[in-house]
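Work through the exercises below with the model open. Each task is followed by a solution in steps.

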Amino acid sequence: MTCPGNRCLLALAVPAAMALGIVLHVRTADAHEFKLESLMNAFVQVEPSELHLVIRLPLHITKTIRFPTKGAEIDLANAGPAIDRALEGLAHDVLLWEDGRLLVPKSAVGRLSLPSDRSFEHYADAVAHVAQKPAPDTGIYVDQGYLDAHVTYAIQSPHARFTIQTRVAPELKDYLKLAVRYLPLGEEGRAMVITSRSGRVALNPAWYQAGAGFVLLGIAHILSGVDHLLFLLCLVIPALRFRQVAAIVTAFTVAHSFTLLGSAYGLAPGGDWFPPFVETAIAASIVYMALENIVGANLGHRWLITGLFGLVHGFGFSYRLKENLQFAGHHLLVSLFSFNIGIEIGQIAVLAAMLPVLALFRRYVVGGQLGVIIVSAVVAHTGWHWMIDRGEILWKTEWPRLDAAALATAARWVAGLLLAAGAARFLARRAGALLSRVRARQRVSD
């Protein structure tokens, strides 16, 4: 029996689409389930002569260890040798250092636990739970539940610098996270989340360790932030003198430092609407600066516009910073300034590469205002598409209600901006007066 071409295609397409939908649904569900369970929890407790690592691993990431089974369940009565092998592997995959010296476990105990167990919410409960054996009638299915372990290390001093690294299932990259709650002796604890790609992470970094790490983070952030780099390019396209570039970049630096510090201390507006708003505003700043270059920029007042847009870019910098403040330890202020220093080093490096290229372009390719228009038009085209794409996301986001908390936050930022603007105006006048005196002295000497 034959059928017309369109009907045959429809008859084949409908079941195929249904099958594809089922496959995608199953894969999405599996991926969602894996994401929820791909988290290891750990405590690192420091005592006068010992360090304790109490850690919980989902069983589905320990597939190299084969536990004996009874049907679909793990045979707990005969699981001892497999647990011992898992503890040996754990000692090689989760590493701890004391002042750069690799610590070697002096004892380790472990057990299997049900997925419903909640003993790892507190350190004392986790330690007591690992020390107990599961009831003989406990039913733990293969690849479900947890492997819990308590590993003890001998240390020389509780005030040493401790470092941790996870190499558990490195093929999972950032999809497998280790949540560490560090409990130092006589100090307030802190928490962090790391992955196998984090490398060695200091649990209690010294100020210079935290500072160095955040300087590198700031450099990497500005060099990988294409939108920030395009904004910098827009700033210097029409500038011909180093004095002009220095004033513009200084205004940008002061402005983004202001909002960056405020965001780090929790003063930024909250809600799901604010990040897409900031990203859209950053793209709009690129478009505005590019269009201003095209119509003819007033470089004498560009520092003011740059400062206003720099406030927005500071919020953008803060999002990357928030993800890494967990590594600052007790050196929050040092880390903030170090991150800012890294951003400035990156900006200087970028400008050192941009300015000669722009000078060669204006000299040998297209000079004058035409060259400014061509480069700015290309940048404006890119920024426009970013602004439209990000604006669509912002449009779909629920905006905040103007309640008392929102008005209080707005009032704080307005007051801060007015204070910053007043300080910038005062410094600009002082700098102008100082420059006038220098020029007057030069004239007298001539």
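Helices and strands are DSSP runs, of at least four residues (H or I) for a helix and at least two (E) for a strand, and they are numbered from the N terminus. The model is a predicted one.

**Exercise 1. State how many helices and strands the protein chain has, and what share of its residues is buried.**

Step 1. The secondary structure of the protein chain consists of 11 helices and 12 strands.

Step 2. The chain has 446 residues, and 41% of them count as buried.

Step 3. Among contacts with a separation of 6 or more, 78% join residues 24 or more positions apart.

**Exercise 2. Find the loops that hold Asp143 and Ala169, and describe the phi angle of each residue.**

Step 1. Most residues other than glycine have a negative phi.

Step 2. Ala169 sits in the loop between strand S9 (162-166) and strand S10 (177-183). Its phi is near 45 degrees, a positive value in a residue other than glycine.

Step 3. Asp143 belongs to the loop between helix H3 (123-131) and strand S8 (146-154). Here phi is positive as well, at about 65 degrees, although Asp143 is not a glycine.

Step 4. For the accessibility of the two residues, the cut-off for buried is under 20% relative accessible area, and partly exposed runs from there up to 50%. Ala169, with a relative accessible area of 11%, is therefore buried. Asp143 has 35% and is therefore partly exposed.

**Exercise 3. Describe the packing of helix H5 against helix H7, and name the residues that meet.**

Step 1. Two packed helices are described by the angle between their axes and the distance between the axes.

Step 2. H5 covers residues 226-236 and H7 covers residues 274-295; they pack at an angle of about 25 degrees, with their axes 9 Å apart.

Step 3. Angles under 35 degrees count as roughly parallel, so H5 and H7 are roughly parallel to each other. H5 passes H7 in a left-handed crossing.

Step 4. From H5, the residues in the contact are Asp227, His228, Leu230, Phe231, Cys234 and Leu235; from H7, they are Glu279, Ile282, Ser285, Ile286, Met289, Ala290 and Asn293. By class, the residues of this contact divide into 8 nonpolar, 3 polar and 2 charged.

**Exercise 4. Repeat the analysis for H7 and H10.**

Step 1. The axes of H7 and H10 come within 7 Å and cross at roughly 160 degrees.

Step 2. Since angles over 145 degrees count as roughly antiparallel, H7 is roughly antiparallel to H10.

Step 3. The crossing of H7 and H10 is left-handed. In this contact 19 residues are nonpolar, 6 polar and 2 charged.

**Exercise 5. Which residues form salt bridges with Arg390, and which helices do the pairs tie together?**

Step 1. Side chains of opposite charge can pair when their charged atoms come close.

Step 2. Arg390 forms a salt bridge with Asp227, with the closest N and O atoms 3.5 Å apart. Arg390 lies in helix H10 (residues 368-395) and Asp227 in helix H5, so this pair ties together parts 163 residues apart in sequence.

Step 3. Arg390 also forms a salt bridge with Glu279, where the closest N and O atoms are 3.5 Å apart. Glu279 is in helix H7 and Arg390 in helix H10, so the pair ties together parts 111 residues apart in sequence.

Step 4. Arg390 counts as buried at 18% relative accessibility, and Asp227 is buried at 10%. Glu279 is partly exposed, with a relative accessible area of 25%.

**Exercise 6. How many salt bridges are there, and how accessible are the partners Glu98 and Arg101?**

Step 1. The count comes to 7 salt bridges.

Step 2. Glu98 pairs with Arg101 in a salt bridge, their closest N and O atoms being 2.5 Å apart. Glu98 counts as buried at 3% relative accessibility, whereas Arg101 is partly exposed at 34%.

Step 3. A network of salt bridges links Arg56, Asp117 and Asp148.

**Exercise 7. Place Val312 and list its contacts beyond its neighbours in sequence.**

Step 1. Val312 is in helix H8 (residues 302-322).

Step 2. Leaving aside neighbours within four places in sequence, Val312 is in contact with Val278, Ala281 and Ile282.

Step 3. Val312 and Val278 are 34 residues apart along the chain, and their C-alpha atoms are separated by 6.3 Å.

Note on methods: Residues are numbered from 1 along each chain as its sequence is written. This is a predicted model: local features need pLDDT of at least 70, side-chain atom pairs count only at pLDDT 80 or more; totals for chains, interfaces and linings use all residues. Side-chain values use heavy atoms; hydrogens and water are left out. Axes are lines fitted to C-alpha atoms, for helices over the stretch in contact, and angles run from 0 to 180 degrees between N-to-C directions. Angles under 35 degrees count as roughly parallel, over 145 as roughly antiparallel, 65 to 115 as roughly perpendicular and the rest as oblique. A crossing is left-handed if the near helix is turned anticlockwise from the far one by less than a right angle, and right-handed if clockwise. Contact means heavy atoms within 4.5 Å. Ala, Val, Leu, Ile, Met, Phe, Trp, Tyr, Cys and Pro count as nonpolar, Asp, Glu, Lys and Arg as charged, and the others, Gly among them, as polar. A salt bridge is a side-chain nitrogen of Lys or Arg within 4 Å of a carboxyl oxygen of Asp or Glu. Buried means under 20% relative accessible area, exposed over 50%, partly exposed in between (1.4 Å probe, protein chains only).
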